[in-house]
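Here are some exercises to work through with the model in view. Try each task yourself before you read its solution.

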Amino acid sequence: MARKIVVFGILFTLIIIGYITAAEQIEINDNVLNRGGFEAQLGLRRDDRPASYLDGSYNMRGRIRVVRGTFSTSDIEGRFLGTFFGNTFFMKIPVRSGTQTIFGRIRVSDDYSTFSGSWSSRGIDIQGWISGDFITRE
């Protein structure tokens, strides 16, 4: 009887160890797929030339992509933070007097790697366009 208890204890321990190591591997692979690079250009109204550039990274939080990185124009450089949810986005970008929140709608490719769309801001009636890429790192 003592022998059976020892054998079942060893088997149970091996099963638990196998489950734990498999769960860690899945978590590592999931984290790799949920991160990547982010690059975008912002333009004003109907001007074809980009007025500013966004360069950073993204992380997935459920169905929301959280982007952050460096915002740069010809005279301002700073940090930006934004979220993309489906075809909608919100972003805080630096301006001369502090930060400004822009929001808009985008059209995305089938694999959600490239996008383009339009944005507007609150307060001052400023509108523009956005285009960019979500770069998957493997």
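**Exercise 1. Find the order of helices and strands along the sequence.**

Step 1. Start with the rule: helices (H or I, at least four residues) and strands (E, at least two) are DSSP runs, numbered from the N terminus.
Step 2. Count them: the protein has one helix and eight strands.
Step 3. Read along the sequence, and the pattern is α-β-β-β-β-β-β-β-β.

Before you go on, note that this is a predicted model, in which local features need pLDDT of at least 70 and side-chain atom pairs count only at pLDDT 80 or more, while totals for chains, interfaces and linings use all residues. Residues are numbered from 1 along each chain as its sequence is written, and side-chain values use heavy atoms, with hydrogens and water left out.

**Exercise 2. Work out how β7 pairs with β6 and with β8.**

Step 1. Recall that two strands pair if DSSP finds at least two bridges between them.
Step 2. Look at β6 (residues 98-108) and β7 (residues 114-121): they run antiparallel and are joined by seven bridges. Here Gly104 stands opposite Trp119 in β7.
Step 3. Now take the other partner, β8 (residues 127-136), which pairs with β7 in the antiparallel sense over seven bridges. In this pairing, Ser120 stands opposite Gln127 in β8.

**Exercise 3. Describe the surroundings of Ala40. Is Ala40 buried or exposed?**

Step 1. Locate Ala40 in strand β1 (residues 35-44).
Step 2. Apply the cut-offs: buried means under 20% relative accessible area, exposed over 50%, and partly exposed in between (1.4 Å probe, protein chains only). Ala40 has a relative accessible area of 2%, so Ala40 is buried.
Step 3. List the contacts, meaning heavy atoms within 4.5 Å. Not counting residues up to four places away in sequence, Ala40 touches Ser52, Tyr53, Leu54, Phe115, Ile130, Ser131 and Gly132.
Step 4. Compare sequence with space: Ala40 and Thr114 are 74 residues apart in sequence and 9.4 Å apart in space, C-alpha to C-alpha.

**Exercise 4. Which residue forms a salt bridge with Arg96?**

Step 1. Use the test: a salt bridge is a side-chain nitrogen of Lys or Arg within 4 Å of a carboxyl oxygen of Asp or Glu.
Step 2. The structure holds one salt bridge. The partner of Arg96 is Asp75, with the closest N and O atoms 2.2 Å apart.
Step 3. Place both ends: Asp75 is in the loop between β3 (64-72) and β4 (77-85), and Arg96 is in the loop between β5 (88-95) and β6, so the pair links distant parts of the chain, 21 residues apart.
Step 4. Check accessibility: Asp75 counts as partly exposed at 45%, and Arg96 counts as exposed at 72%.

**Exercise 5. Compare Arg45 and Tyr112, which have a positive phi.**

Step 1. Arg45, which is not a glycine, has a positive phi of about 45°. Arg45 is found in the loop between β1 and β2 (52-61).
Step 2. Tyr112, also not a glycine, has a positive phi of about 55°. Tyr112 lies in the loop between β6 and β7, and the hairpin of these strands has five residues between them.
Step 3. Finish with the accessibility: Arg45 is exposed at 55%, whereas Tyr112 is buried at 18%.
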